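Please work through the exercises below with the model open beside you, and try each task before you read its solution.

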Amino acid sequence: NSIFMSLLEPLAESTPQGLKAHGRNSYLLAISRLLERCGHYGFKSLFVLYLISDHFSIDREHALEIYGYFFLGQIFLHPLGGILGDFLLKTKNASLIGTLLQVTGMLVICFPSIEAIYLGLVIYLIGEGLYSTNILARFGKSYQSNKKYLDSAYSLFLLFVNAGAFLGSFIIVVAMDNYILGIVISAALIGISILVNYFIPESNLSTEEVSVSSSRASNTRWLLIGLIMAIICFTSSEAISEVFFTTQEKLLGDVDLVTSSESIMIQLLTPMLIFVLSLGLFFHWSYRHGSSLFRFALGMIFLALVGTSLEFVGIEGTPNVSFLFLATIFMAFSEAFTIPIILSIIAKYVNPKYMGTIMGLYSVPTQLLGLLFGLSFFVDLTFNLNPLLIPTFTLIIVGCGLLVYLRNKKPADTI
């Protein structure tokens, strides 16, 4: 930790107030998340391959069914992790216990029995839910006295998350001939995350800070606007995202349509672009404290452009990889603008005492609605994507409507 921070000190000393506002604990929390995501995605990339290997010889359909439990467990156990962190364990303790459970679950899964697989998966998912929601809450609480930097702070967080996911995917290369070794390496990375997390002090919020946050969170106007926008935007965005990833998977899996080099380029494009964009936005937003709603509106417009690009993927009946490439670029821009802003708005306007709960709850209903919507209008063999018109036009209307609203309002009336 001291070595890393010593490398950052010259940068902080040679720059204006913007970067100095992000203290030591912010970088350490982001590093903890990077290491945990690296282990998580390494384990996730190996999980199905491990199940269908000689250790179990489970058929692919059964393995994918178990993997489906992995996805559903993440959706439903994140709120539980937030609730436990807020009301029982405290956020730091919850995040530490969460990572310990993740490591325990991964080690249990290494035992060659189907019972160990299910038991280890349950332990891992409970731990992942505890850690993920509470590390987000800890990060937001650390900025309660300096909220104007939350947009840039969560861009930093997204930057480290994507770096961890990208690096974690290389574990599969190291462990191609020994999946248990790969799972142990993933567990070791999360173990290091525990050590980093342990030495970060818990944020101490004063009564004044909590009461101010609570007062702002109770503002009926913003609460109603936020609720309506969340339902409309998240449902539409999840629908577009679901179809985007389904289309991408189908196209990239067809060797007659996409060369291996094109497939690799498109798969690497999103995480690389998000990394670069998040880095740029972190620096820019550290000095320019604009409207969070304006930034969110841009993210919605970029996502609408994803839907528009997907409409042209099969415009002439034959899939067009160029438009998929374009949709991938717009998806990266959308994620870089929307995810940090959503988390920032929650951290600004929710009472810190309940931040973990809200961090765990905010996306659950819309993820399920979006998933059902995306599956209902599943990309068929002719790539007929016309149903995307509804969520695409919805996001265009919301994004442009927000821009018009912000243009005609005083700065003090906006988020």
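The exercises that follow concern a predicted model, and each one is solved step by step.

**Exercise 1. Describe the protein as a whole.**

Task: State how many helices and strands the protein has, and what percentage of its residues are buried.

Solution: Begin with the secondary structure, where the protein shows 17 helices and zero strands. Next turn to burial, which applies to 51% of the 415 residues. Finally consider the contacts between residues at least 6 apart in sequence, of which 83% join residues that are at least 24 apart.

**Exercise 2. Check the length of a helix.**

Task: Work out what span helix H3 should have at 1.5 Å a residue, and compare it with the distance between its end C-alpha atoms.

Solution: Helix H3 covers residues 24-51, and for these 28 residues a rise of 1.5 Å each leads to an expected span of 40 Å. The expected value uses one less than the number of residues, because that is how the span of a helix is defined. The end C-alpha atoms of H3 are 41 Å apart, which agrees with the expectation. A further step is to look for a bend, and H3 does have a kink of about 25°, centred on Ser 45. As for its surroundings, 22 of the 28 residues of H3 are buried, so the helix is largely enclosed by the rest of the structure.

The check can be repeated on helix H6 (residues 114-141), whose 28 residues should span 40 Å and whose end C-alpha atoms are 41 Å apart, in agreement. Helix H6 is also mostly covered, with 22 of its 28 residues buried.

**Exercise 3. Follow the salt bridges.**

Task: Find which residues are linked with Arg 33 in a network of salt bridges, and then examine the pair formed by Lys 348 and Asp 151.

Solution: Side chains of opposite charge can pair when their charged atoms come close. Searching the whole structure gives six salt bridges. One of these joins the side chains of Arg 33 and Glu 36, at 3.1 Å from N to O. Arg 33 and Glu 36 are three residues apart in helix H3, which means that about one helical turn separates them. An α-helix has 3.6 residues a turn, so residues three or four places apart point the same way. Glu 36 also meets the side chain of Arg 37 in a salt bridge, at 2.7 Å from N to O. Arg 33 and Glu 36 are both buried, and Arg 37 is buried too. The network is made up of Arg 33, Glu 36, Arg 37 and Glu 128.

In the other pair, the side chains of Lys 348 and Asp 151 meet at 3.6 Å, N to O. Lys 348 belongs to helix H14 (residues 321-349) and Asp 151 to helix H7 (residues 150-168), so this salt bridge ties together parts that are 197 residues apart in sequence. Both Lys 348 and Asp 151 are buried.

**Exercise 4. Place one residue in its surroundings.**

Task: Decide whether Thr 338 is buried or exposed, and name what it touches.

Solution: Thr 338 is found in helix H14. Its relative accessible area is 8%, so Thr 338 is buried, the cut-off being under 20%. The side chain of Thr 338 reaches the backbone oxygen of Ser 334 at 2.7 Å. Leaving aside residues up to four places away in sequence, Thr 338 touches Phe 296, Gly 299 and Met 300.

Terms used: Residues are numbered from 1 along each chain as its sequence is written. This is a predicted model: local features need pLDDT of at least 70, side-chain atom pairs count only at pLDDT 80 or more; totals for chains, interfaces and linings use all residues. Side-chain values use heavy atoms; hydrogens and water are left out. Helices (H or I, at least four residues) and strands (E, at least two) are DSSP runs, numbered from the N terminus. The bend at a residue is the angle between axes fitted to the seven residues ending there and the seven starting there. Buried means under 20% relative accessible area, exposed over 50%, partly exposed in between (1.4 Å probe, protein chains only). A salt bridge is a side-chain nitrogen of Lys or Arg within 4 Å of a carboxyl oxygen of Asp or Glu. A polar contact is a pair of N or O atoms within 3.5 Å; within protein, one must be able to donate a hydrogen and the other to accept it, and residues adjacent in sequence count only if both atoms are side-chain atoms. Contact means heavy atoms within 4.5 Å.
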